Amino acid sequence: MIENRPITTFVSHSVLIIGVALIVFPIWIMIVASTHDALRLTQVPLPLLPGDQLWTNLKSLFEEKDFGTPIHLTVFNSLVMALMISVGKISISVLSAFAIVYFKFRFRMFFFWMIFITLMLPVEVRILPTYEVVANFNMLDSYWGLSIPLIASATATFMFRQTFLTIPDELMEASRIDGASPMRFFFDVVIPMSRTNIAALFVILFIYGWNQYLWPLLITTDPDMYTAVMSIKQMLESGEGEPQWHLIMLTALIAMLPPILVVIFMQKVFVKGLTDSEK
Amino acid sequence: MLKRVHYRSSYLPYLLVAPQIIITILFFIWPAGQALYQSFLLEDAFGLSSEFVWFDNFIELYENPNYLNSFARTGFFSVAVASLSMSFALFFAALADRVIKGSHTYRTLLIIPYAVAPVLAGTLWLFLFNPTLGIITYFLDAFGIDWNHKLNSSQAMGLVILAAAWKQISYNFLFFIAAMHSIPKSLIEASAIDGAGPVHRFFTIILPLISPTTFFLLVVNIIYAFFDTFGIIHAITAGGPGNSTEILVYKVYNDGFVGLDLGGSAAQSVILMFIVVMLTVVQFKYVERKVQY
Amino acid sequence: MSTIKIEQIKKSYESTQVIHGIDIEINHGEFIVLVGPSGCGKSTLLRMVAGLETITEGIVKIDDEVVNDLEPKDRGIAMVFQNYALYPHMSVYDNMAYGLKLMKLPKAEIEERVQQVAELLQIEDFLERRPSNLSGGQRQRVAMGRAIVRKPKVFLFDEPLSNLDAKLRVQMRMQIKTLQRNLNVTTIYVTHDQVEAMTMADRLVVLKDGVAAQIGTPMEIYDNPLTQFVAGFIGSPAMNFIDCEVTDQHILIAGQTLTRPAHITVRGKLVLGVRPEHFIESQSVGLQGKVEMIEKLGASILLYVSCENNPQPIVIQCDNNENIKIGDSHNMVFDLQKMYFFDPDSQQRVS
């Protein structure tokens, strides 16, 4: 800050606090709602402060089958899907970026453009035919079906390409003189030097994978394959009359907790990776 | 910038690109081709027979007021989401850029919506604005506003815009603050010496200097509003009431999976792909320009 | 014994040829410096010896073995890069041991070798540190250590000192030279800095536009430059070049007429080259000019003397003399033994 203006600073802080409170308000209400019982959540006005029913609600999510798949199963499915997508995406993109940056070979530009155009086709746009392909491979209701169609990503390949281009050429030459083969160089130098990017990308992709909704909604029909995020919709629609808001909110809380924790605890690397990757 | 030196190997690079290329072909290029092919077919609902009808599906879309309305609606929706989310994010970023103490805490709280799945974001806002129970509905009632997005289509649109903008604030905030941090401090100091106050400085120095980021975010936000808001709409309104919140992506899904109009849905996919390609080209044109700076 | 033979080496990138057939024979233990302005092909030549660039035409032999198609690691070379090229994520120890590990040497031997070299270079105290925690000079020594520890037949240096500050550069110059002499390893060293080249080289190769303009010991080249380019490039401050015409009686120079000294046998329109240090104090009549600027170096001073009809001021190095003032007229007398004449068209020396 250039000049010291206590009043401006005070106003800035006040406005920020109000703004942040507004942004966090829905989250807060969710937490509050998940700590009350069903009855309290039918009485207007709804509570603004937490109750004492969290434990009871939690138990019913684990035990009762009336609300669909038990929460630990859906969370496990989400975890598997998110990890498969993030690890898969990082692996295939880091390999292809390495090839494109460090090798000269026929069709290099052709492959590059082929990967490039996938940037332009989000899954929502090609949803029907992709569904058919997955169905033909018998991958409906499987972890493979949930993850593989989502793991080809131009964004990750581009990000690694950018990173690799900043590694000095001399390192590759030094490693050649040291007697390292291309793959040795890849594992001994390129990968360790891309650690931060890999971590940042992992955060972004984990969230991307965990938060998938339309895709799992389409390709899973077996309740045992439901993911945490998509189970919300079932709960909103299931049952007669008013939805079970206390359980819905608790499920929502559990379903958004892992990505929120990942983003908060890896904040530094995530923010850097996110804002750098778009440059 | 490219490497000056390369490895030479006859098979290794092909092996390295193979996984990504195979997946790209199977799950991107082939389905996209299929969509293109199907968009020229007229299929009955059971997939028993199909007929090649050239551009009939597209012509039908063009003549279908429902589709054209959805197009206009999507345009309005995305512009509203982008401007709402970006102005709030810019406002917060400008304030957070000024304060030193606590800026980390503000950031931590402000990035939370980024991690929330669209459908969950939708569920939260649905709960807040629940016509009978919602807390905000309750307050609005005190002001004499009768809220029921299940019946009132402009309220429905307002709610999905609000939810979609909320979720995107984190992303915009992070980029704005990064852009502001990258402005050389000496420039700000120079303008302070020239006698510009904080507000004046924001509009004459900071805002023009971060305009590339603003433009970049505009494109990203529009792409987001077009394609990543499916979950929000699915949770809050499911396109209703009537078709009042049915944006293009939602319509592809609705016509294809619910209505089983495969040809029509495929034609819509093709149009969407075309839009993404256009937006991406715009974005990359801009990135290219930025590289030259 | 390790000798290097470079025979008729040529290099082209697509259609542009950057090296036009260079021959150099290097004896065992010799310190060869490739020097020239940027873009002269000196680094490319070094990298071809290293095996980092393919050789378009010609042969490189190390110990009489043709190495054109050998991988860098199989050529028995070690290289120090301009930016050091240390692996940033490895400790100093691992940086030095990496190549040895890839050679599959036993662990004990690796440790012993690294320790030895670290002591030699006085970097044993920071073996566990990362390169980013080292100063420029320390990094430079680690890069040397990584080269030495391989026990190569040939050292290759690619402008290793250009990232250091001036004082450190002088220090490291001496260290490298001493080290090379003690280890007695054949060395090729690339630099664009002619002082570095003069002080370090056993023999110099002055390169220009992909051609070896002259090969010889530093003093040979200093005393006996074959072309105007070499004369101007080697020696600091650089040689003065003055257009002149030599007739039977006179030398017409900068609009003035001087008597032709008897031992000058060439005739015609030529370029006279005189080093700043080759002017003498004398009462005899020399070239007249006006002192435009004085640079005090301490022990000596540089005079910039302008003459009519000569575009560049003439630089003269002389002993510190408080009596000379800006604006004084100055009598410049050449050391008759140290006058060089060049043909203005071919740039070749004619005397």
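User: Which residue in β18(C) is the bridge partner of C:Val305?

Analyst: In this predicted model, the bridge partner of C:Val305 is C:Ile314, which belongs to β18(C). The two strands concerned, β17(C) and β18 (residues 314-319) of chain C, run antiparallel and share six bridges. At least two bridges are needed for two strands to be called paired, and the six found between β17(C) and β18(C) satisfy that condition.

User: What makes β16(C) and β17(C) a hairpin, and which residue in the turn has a positive phi?

Analyst: Strand β16 (residues 287-296) of chain C pairs with strand β17 (residues 300-306) of chain C in the antiparallel sense, over six bridges, and three residues lie between the two strands. In that turn C:Gly298 has a positive phi of about 115°, while within the paired stretch C:Met293 faces C:Tyr304 of β17(C).

User: Why is one side of β6 and of β10 of chain C left without a neighbour in the sheet?

Analyst: The sheet in question is an open one of six strands, ordered β6-β7-β8-β3-β9-β10 in chain C, with mixed pairing. Because β6 (77-80) and β10 (211-216) of chain C stand at its edges, each has a single partner strand, and one side of each therefore remains without a neighbour in the sheet. Neighbouring strands here are turned against each other by 15° on average, with direction ignored.

User: In which sense do β3 and β9 of chain C pair?

Analyst: Strand β3 (residues 31-35) of chain C pairs with strand β9 (residues 203-208) of chain C in the parallel sense, and four bridges join them. Set against the requirement of at least two bridges, these four are enough for the two strands to count as paired. One pair of facing residues is C:Val35 and, in β9(C), C:Val206.

User: What makes β13 and β20 the edge strands of the five-stranded sheet of chain C?

Analyst: This open sheet has the order β13-β12-β11-β14-β20 in chain C, and its pairing is antiparallel. β13 (256-259) and β20 (340-342) of chain C each pair on one side only, and that is what marks them as edge strands. From one strand to the next the twist averages 40°. Further inside the order, strand β11 (residues 240-246) of chain C is joined by seven bridges to strand β14 (residues 268-274) of chain C, with C:Glu245 opposite C:Lys269 in β14(C).

User: What is the handedness of the crossing of α3(A) and α6(A)?

Analyst: The crossing is right-handed. Two packed helices are described by the angle between their axes and the distance between those axes. Here the axes of α3 (residues 71-102) and α6 (residues 143-151) of chain A come within 9 Å and cross at roughly 35°. Residues of α3(A), including A:Val80, A:Met84 and A:Ile92, meet residues of α6(A), among them A:Tyr143, A:Leu146 and A:Leu150. Sorted by class, this contact consists of nine nonpolar, two polar and one charged residues.

User: How many residues of the two domains of chain A are in contact?

Analyst: The domain assignment divides chain A into domain 1 (6-63) and domain 2 (71-277), whose centres, taken over C-alpha atoms, are separated by 31 Å. Contact is judged residue by residue, with C-beta atoms within 7 Å, and by this criterion 15 residues of domain 1 of chain A are in contact with twelve residues of domain 2 of chain A. The largest share of the domain 1 side, five residues, comes from α2(A), and by class that side has eight nonpolar, six polar and one charged residues.

User: How many residues of chain A are in contact with chain B, and how many of chain C with chain A?

Analyst: Between chain A and chain B, 83 residues of chain A are in contact with 83 residues of chain B. Helix α1 (residues 6-33) of chain A gives the largest share of chain A's side, 15 residues, and this side divides into 61 nonpolar, 13 polar and nine charged residues. As for chain C, 17 of its residues are in contact with 13 residues of chain A; β6 and α2 (92-102) of chain C each supply at least two residues of the chain C side, which by class has 13 nonpolar, three polar and one charged residues.

User: Which elements of chain B have the lowest and the highest mean pLDDT?

Analyst: Strand β1 (residues 41-43) of chain B has the lowest mean among the elements of that chain, 70, and helix α5 (residues 112-115) of chain B has the highest, 92. Chain B as a whole averages 84, and 95% of its residues score at least 70.

How values were computed
Residues are numbered from 1 along each chain as its sequence is written. Chains are lettered from A and ligands numbered from 1 in the order in which they are written. This is a predicted model: local features need pLDDT of at least 70, side-chain atom pairs count only at pLDDT 80 or more; totals for chains, interfaces and linings use all residues. Axes are lines fitted to C-alpha atoms, for helices over the stretch in contact, and angles run from 0 to 180 degrees between N-to-C directions. Ala, Val, Leu, Ile, Met, Phe, Trp, Tyr, Cys and Pro count as nonpolar, Asp, Glu, Lys and Arg as charged, and the others, Gly among them, as polar. A crossing is left-handed if the near helix is turned anticlockwise from the far one by less than a right angle, and right-handed if clockwise. pLDDT is the predictor's confidence in each residue, from 0 to 100. Domain bounds come from an automatic or database domain assignment.
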